[in-house]
Amino acid sequence: MAAASRFRLALVQLSVCANKQENLLRAARMVKEATAGGAQMVALPECFNSPYGTQYFGEYAESVPDGPSCKALSEMARDNSVHLVGGSIPERAGETLYNTATVWAPDGSLVAKHRKVHLFDIDIPGKIRFQESETLTAGASLTTFSTPWCRVGLGICYDLRFSDMATLYARQGCDLLLYPGAFNMTTGPAHWELLARARSVDNQVYTALVSPARDTTASYVAWGHSLVASPWGEVVASTEADETVIYADIDLEELKRIRENIPLGKQRRLDLYDTVQKV
Ligand SMILES: O=C(O)CCC(=O)C(=O)O
């Protein structure tokens, strides 16, 4: 049977607090709501089980996939019979900490695991300084996974800024790029939507960004504005800063049409340049 050419993606813009158990329960409620809204694939945000900040990663870190948050994610996928991109969580592997996303099949089995490969180290004087590398280690490989509808390329937040990674994913056959992320009040308004639309239009793919809801009392204030950009570069689903679920119908026929109309894939001058995956 040919794969269906459409599926419904839901992004859960979750309110995240300091209580891990509460975050897990809230996520479970929202995944249920998203599935009831017709979603076949649901995604949670970056650091969905803990506040975002280098001071929190060690305290909230867990083993992947043996820790309680992965157990909860596996149950959410199975209970709702849904493909679940479990946002990211701080992962502990021995002495090393990573920012790690997991993907779960509708039977609750682990499909993929991505350790953020580009750590968020920036310094904009007077605005924001953040150094993930003070506590985290970068992942060492890129991550794609297959679904009944299409191949998906996975990144976490700052990974979105690296166009080579997105282009590699597209060349590996991904039709959807998915980034749990948490931009902030400086870089969010400037770059969040622009980057999603750029990744989409450059690579003729859908790009989905899923943020935590904004908490103005948190030490790191997330921009929110979860969104989906189409292969035409349009925003087809979006929201503002509060907790909510947004939905987008991912239309792979439309994507194919766009690639036929503007055949970038065939016109690339790979005799002049190339983008290769090393690991
Ligand atoms: O790239 C940015 O502006 C924000 C990145 C970020 O917040 C992150 O990687 O967690």
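Student: When do two strands pair?
Tutor: Two strands count as paired if DSSP finds at least two bridges between them. The strands (E, at least two residues) and helices (H or I, at least four) are themselves DSSP runs, numbered from the N terminus. This is a predicted model, in which local features need pLDDT of at least 70 and side-chain atom pairs count only at pLDDT 80 or more, while totals for chains, interfaces and linings use all residues. Residue numbers start from 1 along each chain as its sequence is written.

Student: OK, the sheet with β14 in it. What is its strand order?
Tutor: The order is β5-β4-β3-β2-β1-β14, in an open sheet of six strands with mixed pairing.

Student: Which strands stand at the edges, and why does one side of each lack a neighbour?
Tutor: β5 (110-115) and β14 (244-251) do; each has a single partner strand, so one side of each has no neighbour in the sheet. From one strand to the next, the twist averages 25°. Angles here run from 0 to 180 degrees between N-to-C directions, with axes as lines fitted to C-alpha atoms, for helices over the stretch in contact.

Student: How many bridges join β4 to β5?
Tutor: Five, with β4 (residues 96-104) and β5 running antiparallel. Trp104 has Leu110 of β5 as its bridge partner, and Ala101 is opposite His114 in β5. The two strands form a hairpin with five residues between them, and in the turn Gly108 has a positive phi of about 90°.

Student: Which strands does α1 lie across?
Tutor: α1 lies across β1 (6-13), β2 (41-43), β3 (83-93) and β14, at about 150° to β1. Contact means that the C-beta atoms of two residues, placed from the backbone, lie within 7 Å. Helix α6 (residues 252-261) lies across β1 and β14, running at about 55° to β14.

Student: And how do α1 and α3 pack?
Tutor: Helix α1 (residues 20-36) and helix α3 (residues 68-80) pack at about 20°, with axes 10 Å apart. They are therefore roughly parallel to each other. Under 35 degrees counts as roughly parallel, over 145 as roughly antiparallel, 65 to 115 as roughly perpendicular, and the rest as oblique. Their crossing is right-handed, meaning the near helix is turned clockwise from the far one by less than a right angle; anticlockwise would be left-handed.

Student: Which residues meet there?
Tutor: From α1, Leu24, Ala27, Ala28, Val31, Lys32 and Thr35; from α3, Ser69, Ala72, Met76 and Asn80. By class, this contact has six nonpolar, three polar and one charged. Nonpolar covers Ala, Val, Leu, Ile, Met, Phe, Trp, Tyr, Cys and Pro; charged covers Asp, Glu, Lys and Arg; the others, Gly among them, are polar.

Student: Any backbone oddities? Take the bond from Val64 to Pro65: is it cis or trans?
Tutor: Cis, with omega near 10°. Pro65 sits in the loop between α2 (54-60) and α3. Ser81, in the loop between α3 and β3, has a positive phi, near 50°, though Ser81 is not a glycine.

Student: New topic, the sheet with β10. What is the order there?
Tutor: β8-β9-β10-β11-β12-β13, six strands in an open sheet with mixed pairing. Neighbouring strands are turned by 20° against each other on average, direction ignored. β10 (residues 174-180) and β11 (residues 206-210) run parallel, joined by five bridges, and Leu176 has Tyr206 of β11 as its bridge partner.

Student: Which helix touches β8?
Tutor: Helix α4 (residues 163-171), which packs on the sheet and also touches β9 (151-154) and β10; its direction makes about 145° with that of β10. Helix α5 (residues 187-203) lies across β10, β11, β12 (227-229) and β13, at about 155° to β11.

Student: At what angle do α4 and α5 cross?
Tutor: Roughly 40°, with their axes coming within 10 Å. That makes them oblique to each other. The contact is made by Ser163, Ala166, Thr167 and Ala170 of α4 and Arg199, Asp202 and Asn203 of α5.

Student: Last one: which residues are around the ligand?
Tutor: Glu46, Phe120, Cys157, Tyr158, Arg161, Ala182, Phe183, Asn184 and Thr187. The test is a C-beta atom, placed from the backbone, within 6 Å of the molecule. That shell has five nonpolar, two polar and two charged residues.
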